[in-house]
Amino acid sequence: MGILELTLIAIGLAMDAFAVALCKGLKMRELNYRHAAIIAVFFGGFQALMPLLGWLLGKQFERYIVNIDHWIAFALLLFIGGKMIMEALKYDHDPGPQISILDVKELLLLSVATSIDALAVGITLAFLQTAILPAVALIGIITFAIALAGVIIGHRFGIRYKSKAEIFGGAVLILIGVKILLEHLGIWG
């Protein structure tokens, strides 16, 4: 898998973190850059850790499913992308009360919740023989930057871009899944 595909996957995966970071920024009375950086570190760190765990899991089962790995990659990315789009379309626009306190337990849960999809992508990366360390570093760095921007944008502009970001991220993941399937079937590339 090339750097372009990995970058697009990282951006697609980061959309959940971006959406939650928008909400966190929206709830800040005053923009606190230290809190914004902590939020971004949590999201970026978990978004890098989960594909690594998924990759390790995928490598354990690789020999059993090597003949259908492209179908699994396609199905996982289709499911994850479709889920993101469905959630974006049914999103409730009530941001809740405005607060400035950083709750680390809540942030931990949000980081895990927004990175579950990355676990499935990590399994896919194992099937596609992707070098995992550069991939997870790229995913973590991109998610960090996008989450940091999300907090700042959320504070300045509100939550009106959340649904659009999730739809975009979901569409990117679906398109990458289709590309993987078409490549393995010999239709593309």
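Helices here are DSSP runs of at least four residues, numbered from the N terminus. With that in hand, welcome to this predicted model.

Let us start with a loop. Q129 sits between α4 (104-127) and α5 (132-157). Although Q129 is not a glycine, its phi is positive, at about 60 degrees.

Next comes helix α3, which runs over residues 69-89. Its 21 residues should span 30 Å at 1.5 Å a residue, and the end C-alpha atoms are indeed 30 Å apart, so the two values agree. Among the buried residues of α3 are D69, H70, A73, F74 and L77; I80, G81, M84 and A88 are buried too. Viewed down the helix axis, the buried residues of α3 fall within an arc of 145 degrees, so they line one face. An α-helix has 3.6 residues a turn, so residues three or four places apart point the same way. On the other side of α3, F79, M86 and L89 are exposed.

Just two residues are set side by side here:

| Residue | Place | Relative accessible area |
|---|---|---|
| K24 | helix α1 (residues 3-26) | 10%, buried |
| I68 | loop between α2 (33-65) and α3 (69-89) | 44%, partly exposed |

K24 counts as buried because its 10% relative accessibility is under the 20% cut-off. The side chain of K24 also makes a polar contact with the side chain of E106, at 2.7 Å.

I68, for its part, belongs to a nonpolar patch on the surface, together with W71, L185, I187 and W188. These residues together have about 540 Å² of accessible area.

Terms used. Residues are numbered from 1 along each chain as its sequence is written. This is a predicted model: local features need pLDDT of at least 70, side-chain atom pairs count only at pLDDT 80 or more; totals for chains, interfaces and linings use all residues. Side-chain values use heavy atoms; hydrogens and water are left out. Helices (H or I, at least four residues) and strands (E, at least two) are DSSP runs, numbered from the N terminus. Patches are made of residues with over 30% relative accessible area and no salt bridge: like charges are joined within 9 Å, nonpolar side chains (Val, Leu, Ile, Met, Phe, Trp, Tyr) within 5 Å. Accessible areas come from the Shrake-Rupley method with a 1.4 Å probe; for residues, only the protein chains shown count as cover. A salt bridge is a side-chain nitrogen of Lys or Arg within 4 Å of a carboxyl oxygen of Asp or Glu. Buried means under 20% relative accessible area, exposed over 50%, partly exposed in between (1.4 Å probe, protein chains only). The expected span of a helix is 1.5 Å times one less than its number of residues. The arc is that of the directions from the helix axis to the C-beta atoms. A polar contact is a pair of N or O atoms within 3.5 Å; within protein, one must be able to donate a hydrogen and the other to accept it, and residues adjacent in sequence count only if both atoms are side-chain atoms.
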